[in-house]
Each structure stands twice: as C-alpha cells, then as structure tokens.
Amino acid sequence: LQAYLAKSYPYTPDVSLLATPKQTIRRMAPDFHVPHTVTETAGFTHQFSNKIALTSDYVHSHGYGVVLAVNINLANVNGQFTTVDPRFSTFNQFTNLGYINYNGLVSRVEYRGSKLRVGTSYTLSKATSNSIATGVGGGAATNPLDISIDDGPINEDRRHVLVTDFSYTFPLDIQLAGIARYQSALPYSATSSQVVFARPDGYPRNSLRGDSESNIDLRATKGIKLSGRTRVSVFWEMFNLLNTTNFLLNQGNLLSSSFGIPQAAEPQRRQQVGLRFDF
C-alpha cells in the first residue's frame, strides 16, 4: 500500500505511522444458560352483592440469570479503569449475573349496574434489578468489577398506579365512558462524564424521581340500529381531557445546567371523531 501511494502520490505521508484500530471481542461465559423467571401469586375475590365485587392479588416474580455484558478487559488501578490488554478496546463476556425482582399488590373494586359500570384499580409495586436495561437481555455492567453498583429500581418502576374507569348508558342509546389514571414518577439516574468505579456519592442508580403523571380520556358514543344485526356507531373521543402537562425524560447529567429538568412531555389534549359499522 505504501509503495502504491508513493508512486501515485509522491507527497503522501507514511501510513505505517497510523495507529492500528483496536478490536472488540464478545463471547459467552463458559457456564452461560438461558435465564428463567419464577412467579408466585395469591389473592382473593369477594362478591358483596349482585353488583359490587372486590379482588386483590399479590404477585411476586424473580428473574434469575439475567444476561449482563461484563468487560473483562478492565482492571482497577488507583480507582480508575485500566485496560488489561491494550490490543482490545473491550472484551465483553455475556454472563448470567443479573436479576430482576418484582413485588406487587393489585386490587380492584367494581360496581356493575344496568346502566352504570364503574371500577377503581390500585397497584402498589416495587421492581428492582442490577441490570441497567429491562428484560432478560440485560445490559452492560457499569462497573465490571462490582456489579452491585447497578442495584436499584428498574427503569419502568412505578410505586403507585391508580385507575378509575366508568361507562353510563343514557336514553336514545347514548353512552359516555371514560378512564382516569394517576401514576407516580419514573426513576432516573445521575450521571457524569467522568469514568469512575462508583456512582456519584448520594446518587445510586435510579435513585432520583421525575414527575408523576395524570390523565383523563373521555368517549361519547351514539348507536343507531339499521336492520337485523346491522348497527352503526358514531363516536367522539378526547384524550387528555384536562390538557395536563406530563413531563418526561429528566436530565440526569450532573454537569448539565438543566440537571433534573424534564426534556420532553406527553402529548397535550387531542380529539377525534369516528364511525363504526357492525354487521
């Protein structure tokens, strides 16, 4: 190559001085196996009358052997990451060192009348993991020498979820239905551009919380019977009835001037009309 370049381009610099790109290696751990989940549930249902019912269930789930990518080409030298073999940028070994643990209490009370149906559901839950990604696929360990650094709530952990739904049928086959939802805030992590072996003091993974979310959706439907089983329904729907601003994606970079400030939001109020034929 150098000879060709020298002949074609006499002033071409010596490419032998260019650095050789480092390689990346991936491999499965010798004892790698398929992750599995064990789930246990217990609950009860009580019918207070012909119209009112209460259900409550406890759910425990534990995911074993969640896949973590561990860079075994790193070592701890005076508190800093040091490459063991400089020929390789990373040497990721996929291991079964991760877990996902979930505990939840799900309850619902419901009333069913001839015209009115209304129900309220409440979920109290906690989900933790040592994987920065959700699911059995896991993610890369922040500190390959101490995977406990990533112990904390999963990215989708919501401690409280409250949902109320209803429908009421008026005369002339007009129905009004809606659903109201409240969800406590999602977690997020504090980060920095510095490569260290521990997370910033006082900021374990996903130890910060953003804003809670609330929303009300409404739907009105007018049914028109044509003939036999043929029926047409005209409906109007409104999403986010109160035009509530639900913020998302809080800035977690400690070095950013917008640290802790949301970077996005859910859609504002939307409406639509539609026509449905049943035959």
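**Exercise 1. Strand 10 and its neighbour**

Task: In this predicted model, find how many bridges join strand 10 to strand 11, and which way the two strands run.

Solution.
- Step 1: Count the bridges between the two strands; there are 10.
- Step 2: Look at the direction of the chain in each strand, and you will see that strand 10 and strand 11 run antiparallel.
- Step 3: Check one position: F166 has G178 of strand 11 as its bridge partner.
- Step 4: Now move to the other pairing of strand 11, where 10 bridges join strand 11 to strand 14, again in an antiparallel arrangement. Here R181 stands opposite N215, a residue of strand 14.

**Exercise 2. The turn of the hairpin**

Task: Which backbone feature does L172 show in the hairpin of strand 10 and strand 11?

Solution.
- Step 1: Locate the residue. L172 belongs to the loop that runs between strand 10 (160–170) and strand 11 (174–183), and the hairpin has three residues between its strands.
- Step 2: Read the backbone angle. The phi of L172 is positive, about 65°, although L172 is not a glycine.
- Step 3: Ask how much of L172 can be reached. Its relative accessible area is 67%. The cut-off for exposed is over 50%, so L172 is exposed.

**Exercise 3. Another positive phi**

Task: Is N206 buried or exposed, and where does N206 lie?

Solution.
- Step 1: Find N206 in the loop between strand 12 (187–188) and strand 13 (208–209).
- Step 2: Look at phi, which is positive for N206, near 55°, and N206 is a residue other than glycine.
- Step 3: Compare the accessibility with the cut-off. Buried means under 20%, and N206 has 4%, so N206 counts as buried.

**Exercise 4. A pair of rings**

Task: What kind of aromatic pair do Y168 and F170 form?

Solution.
- Step 1: Start with the total: the count comes to one aromatic pair.
- Step 2: Take the two values for the pair of Y168 and F170, namely 4.7 Å centre to centre and 70° between the planes.
- Step 3: Planes over 60 degrees apart count as edge-to-face, so the pair of Y168 and F170 is edge-to-face.
- Step 4: Add the surroundings. Y168 is partly exposed at 28% relative accessible area, and F170 is partly exposed at 37%.

**Exercise 5. Following R219**

Task: Which side chain meets R219 in a salt bridge, and which ring does R219 lie over?

Solution.
- Step 1: Look for the charged partner. E237 and R219 meet in a salt bridge, at 2.9 Å from N to O.
- Step 2: Place both residues. E237 is in strand 15 (residues 230–239) and R219 is in strand 14 (residues 213–227), so their contact ties together parts 18 residues apart in sequence.
- Step 3: Check accessibility. E237 is buried at 11%, whereas R219 is partly exposed at 29%.
- Step 4: Find the ring. R219 lies over the face of F235, 4.2 Å from the ring centre.

**Exercise 6. More salt bridges**

Task: How many salt bridges are there, and which residues form a network of them?

Solution.
- Step 1: The count comes to 12 salt bridges.
- Step 2: Trace the network, which links R108, E110, R112, R117 and D165.
- Step 3: Inspect the contact of R87 with D85, a salt bridge of 2.7 Å from N to O. R87 is exposed, with 55% relative accessible area.
- Step 4: Inspect R159 and D157, which meet in a salt bridge of 2.8 Å from N to O. R159 is partly exposed at 26%, while D157 is buried at 2%.

Key:
Residues numbered from 1 in each chain as written. Predicted model: local features only at pLDDT ≥ 70, side-chain atom pairs only at ≥ 80, totals over all residues. Heavy atoms only, no water. Salt bridge = Lys/Arg side-chain N within 4 Å of Asp/Glu carboxyl O. Buried < 20%, exposed > 50% of the residue type's maximum accessible area, 1.4 Å probe, protein only. Helix = DSSP H or I, 4+ residues; strand = E, 2+ residues; numbered from the N terminus. Pairing = 2+ DSSP bridges. Phe/Tyr/Trp six-rings, centres within 6.5 Å; stacked < 30°, edge-to-face > 60°. Lys NZ or Arg CZ within 6 Å of the ring centre and 35° of its normal.
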